[in-house]
Amino acid sequence: MAIEPDPHLSMVRPVSPRSPEGCEECLRLGSPWVHLRLCLTCGHVGCCDSSPLKHARAHAYVEQHPIVEPMEPGENWRWCYAHEAPA
């Protein structure tokens, strides 16, 4: 049985972080974050689900941009919020 690739991978674009210094919303609010996630559709930088405000997940649902990757050095993976699975 072959594993089907995530259909949302077609939304992945070459992006640069819009706010490489941190989570866009947390920076505006003065809120802390734990880890950062990069939206692979538009370059939005949001905080992870371990962060108090979970901006990466909120962005994924509001904008319908489900695929993210970590902005942590040495980490190389992708996550699909729509499928709650690696992408």
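Modeller: Contact means that heavy atoms lie within 4.5 Å of each other, and the structure we apply this to is a predicted model.

Colleague: Which residues is leucine 40 in contact with, once its neighbours within four places in sequence are left aside?

Modeller: Leaving those neighbours aside, leucine 40 is in contact with Met11, Val12, Arg13, Val15, Ile67, Val68, Glu69 and Arg78; because contact means heavy atoms within 4.5 Å, each of these residues meets that cut-off with leucine 40.

Colleague: What makes Leu40 part of a nonpolar core?

Modeller: A nonpolar core is a set of buried residues of certain kinds, Leu and Cys among them, joined through side-chain atoms within 4.5 Å. Leu40 belongs to the largest such core, which has nine residues in all and also holds Cys23, Cys26, Leu36, Leu38, Val45, Cys47, Ile67 and Cys80. Two strands, β1 (36-39) and β2 (45-47), each supply at least two residues of this core.

Colleague: Why are the residues of β1 called buried, and which way do they point?

Modeller: Buried means under 20% relative accessible area, and Leu36, Leu38, Arg37 and Cys39 are all buried, so each falls under that cut-off. Leu36 and Leu38 point one way from β1, whereas Arg37 and Cys39 point the other way.

Colleague: How do you know that β1 and β2 pair?

Modeller: Two strands pair if at least two bridges are found between them, and β1 and β2 have three bridges in the antiparallel sense, so they satisfy the rule. Arginine 37 has glycine 46 as its bridge partner in β2, and proline 70 as its bridge partner in β3. The strands β1 and β2 form a hairpin with five residues between them, and in the turn glycine 43 has a positive phi of about 90 degrees.

Colleague: What makes β4 (residues 79-80) and β5 a pair?

Modeller: The rule asks for at least two bridges, and β4 and β5 have two, in the antiparallel sense, so they count as a pair. Here cysteine 80 stands opposite alanine 85 in β5.

Colleague: Why are β2 and β5 said to stand at the edges of the sheet?

Modeller: The open sheet has five strands in the order β2-β1-β3-β4-β5, with antiparallel pairing. Since β2 and β5 (85-86) each have a single partner strand, one side of each is left without a neighbour in the sheet.

Colleague: What lies across β1 and β2?

Modeller: Helix α2 (residues 55-63) lies across both strands, and runs at about 125 degrees to β2.

Note on methods:
Residues are numbered from 1 along each chain as its sequence is written. This is a predicted model: local features need pLDDT of at least 70, side-chain atom pairs count only at pLDDT 80 or more; totals for chains, interfaces and linings use all residues. Side-chain values use heavy atoms; hydrogens and water are left out. Buried means under 20% relative accessible area, exposed over 50%, partly exposed in between (1.4 Å probe, protein chains only). Helices (H or I, at least four residues) and strands (E, at least two) are DSSP runs, numbered from the N terminus. Axes are lines fitted to C-alpha atoms, for helices over the stretch in contact, and angles run from 0 to 180 degrees between N-to-C directions.
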